[in-house]
Amino acid sequence: MSQRVPGWAVETLSGAGFEVRMRDSDAPASSDELVRLVEGARGMVSFLTDRVDCAVIEAGGALEVVSTVAAGYDNIDVAAAVERGVEVCHTPDALTDATADLTMALLLAAARRLPENDGFLREGGRILWRLEQPLMGLDVSGTTIGIVGAGKIGTAVARRARAFGMRIVYTGRSGWDRPIEEELSATRCELDELVRTADVVSLHVPLTDATRGMIDAQVLQAMKPSALLINTSRGALVDEDALADALESGWISGVGLDVFADEPAVNERLLALRERVVLTPHMGSATEGTRRAMLATAVDNVIAALRGCAKNVVPRR
Ligand code: DGY
């Protein structure tokens, strides 16, 4: 265990007959700490903040499984693990709803300028209803959301957006099955068409070599000037300096970001912007029930893999 976890998780593993070595901290582990932790271990429960690279995997000579408490696994060298016969497992289902909920929260907060309106009142602003009042918002119902990535979270966001009266366009390596497309009245298109037509662009693809920096200056310039960009996936999908340029120059209207390219750091230029800019600290899955379900799944994944029936194995790209 590369982070301190609640007793029930340790008890589940020891009850299944495994000895547990746990780092007594919930701060991100250094590479040296991870190397020491995996020496002689058959399984590793890892977290999003761990860089499980080739050195860590090699140090764990007896390692059979790396089980991450996350859906995303771009922090793990999956190729190195596969080469050494180490399974990599994740928690793809546990956080779908919580992350989709946060996506909608960011969308609504950016569209209706919630942090700015909240700040307005707290800083002494008066409630004075008039036809055009300060900090007016954008409409959501009747507009089009472009879902980039047709996986579980993208689908859950589309369902929520549909309930808010939004039209759905989407991209995805393999599209939705016909019944889902029909349920959502969704139209599949290429990214360039999606960014040209959507009022909200929401990112739900994993971070890979192919998707890193996919939202660059050219894409941002192609978006509608009134559009919002929402990202609850991985920060490095977006060129953050180009995004700051886009917001400063009015290429797009606003953003809701839960993830950042250089976490734990947050891009200073984005931090300095407030108008229709809503930032949260990578909290898509941060509800008590969801975090518990993620840990329970990760523990279960280790036990299953060490018993020879691995589940929730990450897709090989
Ligand atoms: C994940 O699991 O990939 C999320 O980003 C964690 O909150």
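## A first look around the model

Eight residues line the largest cavity: Asn231, Gly235, Val238, Glu240, Leu243, Leu257, Val259 and Leu270. Everything described here comes from a predicted model, and this cavity is a good place to begin. What kinds of residues form the lining of the largest cavity? The lining divides into 5 nonpolar residues, 2 polar ones and 1 charged one. The space inside the largest cavity comes to about 30 Å³. With 30 Å³ or more as the cut-off, the count is 1 cavity. As background, rolling a probe the size of a water molecule over the atoms shows where empty space is left.

Next, let us visit the ligand. The residues around the ligand are Ala70, Ala71, Gly72, Leu95, Arg234, His282, Ser285 and Met294. Which parts of Gly72, His282 and Ser285 lie at short listed distances from ligand oxygen atoms? For Gly72 the atom is a backbone N or O, for His282 an N or O atom in the side chain, and for Ser285 a polar side-chain atom. The table sets out these contacts.

| Residue | Atom in the residue | Distance to an oxygen atom of the ligand |
|---|---|---|
| Gly72 | backbone N or O | 2.8 Å |
| His282 | side-chain N or O | 2.7 Å |
| Ser285 | polar side-chain atom | 2.7 Å |

Now for some of the strands and helices. Strand S1 covers residues 43-46 and strand S2 covers residues 65-68. In which sense do S1 and S2 pair? Their pairing is parallel, over 4 bridges. Within this pair, Gly43 stands opposite Val65 in S2. Helix H3, residues 54-59, joins S1 and S2 in making a β-α-β unit, and that unit is right-handed. A general point helps when looking at strands: in a regular strand the side chains alternate between the two faces of the sheet.

Two loops deserve a stop as well. One of them runs between strand S9 (254-257) and helix H12 (268-272), and Pro264 lies there. The peptide bond leading from Glu263 to Pro264 is cis, with omega near 10 degrees. The other loop, between helix H6 (114-122) and strand S4 (144-148), holds Leu135. What is the sign of phi at Leu135? Leu135 is not a glycine, yet its phi is positive, at about 60 degrees.

Key. Residues are numbered from 1 along each chain as its sequence is written. This is a predicted model: local features need pLDDT of at least 70, side-chain atom pairs count only at pLDDT 80 or more; totals for chains, interfaces and linings use all residues. Side-chain values use heavy atoms; hydrogens and water are left out. On a 1 Å grid over the protein atoms alone, a cavity is a set of points where a 1.4 Å probe fits but cannot get out, and a pocket is an open set with protein on both sides within 12 Å along at least five of seven lines; lining residues have an atom within 4 Å of a point. Grid points are joined across faces, edges and corners, and a volume is the space filled by probe spheres set on the points. Ala, Val, Leu, Ile, Met, Phe, Trp, Tyr, Cys and Pro count as nonpolar, Asp, Glu, Lys and Arg as charged, and the others, Gly among them, as polar. Two strands pair if DSSP finds at least two bridges between them. A crossover is right-handed if, with the strands pointing away from the viewer, the path from the first strand over the helix to the second runs clockwise. A residue is near a molecule or strand if one of its heavy atoms lies within 4 Å of it. A polar contact is a pair of N or O atoms within 3.5 Å; within protein, one must be able to donate a hydrogen and the other to accept it, and residues adjacent in sequence count only if both atoms are side-chain atoms.
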